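Visitor: I keep hearing labels thrown around for models like this one. Could you walk me through how each label is earned?

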Amino acid sequence: GMATGKAWFKVPSAIKFVLTGKLNKYVSGKDVILHIIGKIGVDGALYRSMEFTGEGVSELSVTDRLTICNMAIEAGAKNGIFEVDEQTIAYVKERSDREFPIFKADEDAQYDEVYEINLSEIRSTVAFPHLPENTKTFDEIGDIRIDQVVIGSCTNGHYKDLEEAASILKGKKIAKHVRAIIIPATQDIYMKALDSGILKIFVEAGCVVSTPTCGPCLGGHMGIL
C-alpha cells in the first residue's frame, strides 16, 4: 500500500435492516446498534455492508445514524449505510454548498439476509465484557458499582448526548469514587457545548472534560482507563 498508493478490496455483499416503529424515551442509536450486534454477533456482518432502510429511518436523528454506522465495524461490517431522506439532505446542505449525487439501492438488489427491527421494542442496552455482542438490557443488569464513566468520543460525543447528560447532572455532584470523562466528538461540538454552558455543568459536577480525541479506546486522551 505504501509503495503503490493502492489498496485491494472486494465489493462486499449486503445485509438489509428494515427499521419500523420509533424509539422510546432515553433510547438512542447506540442502543439500536448494540441490540443488532447482540442479535447477529461481532462477526455477523463480516466483510459485508449493513444497509438500513424502512419507515423507521425517519424517526432517527442524523446523529443516531452516525452512531449506528460508526459501530457497524463492531459487527465485522465493511461499512454501514442509511437510505437518504430529507434529514440527510438538510444535514449535508447545512455543511456544504457543493452539488452531491444521491445513490439508492436498486429495486431488485440482492441481500444475503434481511432483518426487521422494530425500534419501539428496543430498550436501553449495555455491552458487557468482553465483546460488544454480550449485550444486556437495563432491566437485566441489577446493581453494579460504577467506577468510571465515559461520555463522548466517536459514538457518543454528539451535542445531543452531552445535552442529555448535562440535564441529568445539573446541580448535582458525581460520586466521590467515580471518574467521569467527557469527550466531545468534534471541536465544533466542543465550542457549542462551551457556549451553551454545558461544559460548565460537567466541571461543576466533578467531571473531567477532554479535548476532542479518539479517547480511551486507544488511550489517546489522558491515559488508559
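What follows is a chat about rings, charges, strands and hollows in this predicted model.

Visitor: Why is the pair of Phe-17 and Phe-52 called stacked?

Guide: Set the values against the cut-offs. The two ring centres are 5.2 Å apart, and rings pair when their centres lie within 6.5 Å. The planes of Phe-17 and Phe-52 make 25°, and under 30 degrees counts as stacked. So Phe-17 and Phe-52 earn both words, pair and stacked.

Visitor: What makes that pair a link between separate parts of the chain?

Guide: Phe-17 belongs to strand β1 (residues 14-20) and Phe-52 to strand β2 (residues 49-53), so the contact ties together parts 35 residues apart in sequence. Both Phe-17 and Phe-52 are buried, that is, under 20% relative accessible area.

Visitor: And how do you know that Phe-17 and Tyr-115 are stacked?

Guide: Same recipe. Their rings sit 5.3 Å centre to centre with 10° between the planes, against limits of 6.5 Å and 30 degrees. This pair also links distant parts of the chain: Phe-17 is in strand β1 and Tyr-115 in strand β4 (residues 113-118), 98 residues apart. Phe-17 and Tyr-115 are both buried.

Visitor: What makes a cluster out of these rings?

Guide: The structure holds 3 aromatic pairs, and ring pairs join Phe-17, Phe-52, Phe-82 and Tyr-115 into a cluster.

Visitor: How do you know that the charged end of Lys-78 sits over the ring of Tyr-47?

Guide: The charged end of Lys-78 is 4.5 Å from the centre of the Tyr-47 ring, and the distance limit is 6 Å. There is an angle test too, within 35 degrees of the ring normal. Lys-192 does likewise with Tyr-159, its charged end sitting over the ring at 4.4 Å from the centre.

Visitor: Let's turn to strands. Why are β7 and β8 said to pair?

Guide: Pairing needs at least two bridges, and β7 and strand β8 (residues 179-183) have 5, in the parallel sense. One of the partnerships is Gly-152 with Ile-183, the latter in β8.

Visitor: Why do β7 and β9 count as edges?

Guide: The open sheet has 3 strands in the order β7-β8-β9, with parallel pairing. β7 (148-152) and β9 (208-209) each have a single partner strand, so one side of each is left without a neighbour in the sheet.

Visitor: Now the hollows. What makes the largest cavity a cavity, and which residues line it?

Guide: A 1.4 Å probe fits there but cannot get out. The count comes to 1 cavity of 30 Å³ or more, and the largest holds about 60 Å³. Among its lining residues are Ser-28, Lys-30, Asp-64, His-158 and Asp-161. α2 gives the most to that lining, with 3 residues.

Visitor: How do you know what character the cavity lining has?

Guide: It divides into no nonpolar, 7 polar and 4 charged residues. Gly-29 is part of the lining, and Gly counts as polar.

Visitor: What about the second largest pocket, and which residues lie nearest its centre?

Guide: A pocket is an open set, whereas a probe in a cavity cannot get out. The second largest pocket has a volume of about 450 Å³. Of its 17 lining residues, Thr-63, Tyr-91, Arg-95, Tyr-159 and Ile-189 lie nearest the centre. The largest share of the lining, 5 residues, comes from α3. By class, the pocket lining is 7 nonpolar, 4 polar and 6 charged.

Notes
Residues are numbered from 1 along each chain as its sequence is written. This is a predicted model: local features need pLDDT of at least 70, side-chain atom pairs count only at pLDDT 80 or more; totals for chains, interfaces and linings use all residues. Side-chain values use heavy atoms; hydrogens and water are left out. On a 1 Å grid over the protein atoms alone, a cavity is a set of points where a 1.4 Å probe fits but cannot get out, and a pocket is an open set with protein on both sides within 12 Å along at least five of seven lines; lining residues have an atom within 4 Å of a point. Grid points are joined across faces, edges and corners, and a volume is the space filled by probe spheres set on the points. Helices (H or I, at least four residues) and strands (E, at least two) are DSSP runs, numbered from the N terminus. Rings of Phe, Tyr and Trp (its six-membered ring) pair if their centres lie within 6.5 Å; planes under 30 degrees apart count as stacked, over 60 as edge-to-face and the rest as tilted. Buried means under 20% relative accessible area, exposed over 50%, partly exposed in between (1.4 Å probe, protein chains only).
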